[in-house]
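Good morning, everyone, and thank you for making time for this. I would like to walk you slowly through one structure, beginning with a single side chain and working outwards, so please keep the picture in view.

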Amino acid sequence: MATSAHNPSGASAPAELHAATLRRAFGAYPTGVVAIGALLGNEPVGFAASSFVSISLQPPMAAVSVARTSTTWPRLTGAPVLGLSVLSHGQGALCRRLASREVNRFDGVAWQATPDGAVVIEDAALWLTARVSATYDGGDHEIVLMDLLTVELFTGVEPLVFHTSQFRELIPHG
């Protein structure tokens, strides 16, 4: 049996794979946060997710994992186009609101809709629009693969970073 020479200061013995242990472990990996939204009727509907990942440049694709307990995702699955807003530094409170179980998460939120009904959040670091191309079983999550349709990058706007259940600021390494 191979042993690891890597033992950072403060590391503990390997833990069993319990949900709480995995939540803490996965929290050690910093992620961005994306708001996913669309108009349903005239109402913006959406939520925040930190499980967003780029998949392919050609063709342009991304994916997100959505908890099977989500009550919002089933409402969005029929939307023809989704807006994906990579939230920016300073939008932590907005992120918590979009991740909450509140009925109207968009009260007081600056957003706009594209002509095809995708909802994007103002002052975000990046806007994408996408169409769901496939879904896959991901245990207690559903893995949603999306074809990207448009991109609008806001140069100089720092993204929101989520790490160890806190929002963090990126600092350039000099």
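Let me begin with Phe106, which is buried at a relative accessible area of 7%, where buried means under 20% relative accessible area, exposed over 50%, and partly exposed in between, with a 1.4 Å probe and protein chains only. Before going on, I should say that this is a predicted model, in which local features need pLDDT of at least 70 and side-chain atom pairs count only at pLDDT 80 or more, while totals for chains, interfaces and linings use all residues. Residues are numbered from 1 along each chain as its sequence is written, and side-chain values use heavy atoms, with hydrogens and water left out.

The structure holds three aromatic pairs, and here rings of Phe, Tyr and Trp (its six-membered ring) pair if their centres lie within 6.5 Å, with planes under 30 degrees apart called stacked, over 60 edge-to-face and the rest tilted. One of the pairs joins Phe106 to Trp111, edge-to-face, with 6.4 Å from centre to centre and 75 degrees between the planes. Trp111, at 27% relative accessibility, is partly exposed.

Another pair is Trp127 with Phe154, whose ring centres are 4.9 Å apart and whose planes stand at 80 degrees, so this pair too is edge-to-face. Trp127 lies in strand S9 and Phe154 in the loop between strand S10 (141-153) and strand S11 (161-163), so the pair ties together parts 27 residues apart in sequence; strands here are DSSP runs (E, at least two residues), numbered from the N terminus. Trp127 is buried at 13% relative accessibility, whereas Phe154, at 23%, is partly exposed.

How are the strands ordered in the open sheet of seven? The order is S3-S2-S6-S9-S10-S5-S4, with antiparallel pairing, and two strands pair if DSSP finds at least two bridges between them. Strand S3 (43-49) and S4 are the edge strands, each pairing on one side only. S4 and S5 run antiparallel and are joined by four bridges, and Phe52 has Val64 in S5 as its bridge partner.

Phe52 also brings us to the second largest pocket, since it is among the lining residues that lie nearest the centre, together with Val53, Ser54, Val86 and Leu126. A pocket is an open set of points on a 1 Å grid over the protein atoms alone, where a 1.4 Å probe fits, with protein on both sides within 12 Å along at least five of seven lines, and lining residues have an atom within 4 Å of a point. S4 gives the most to this lining, with three residues.
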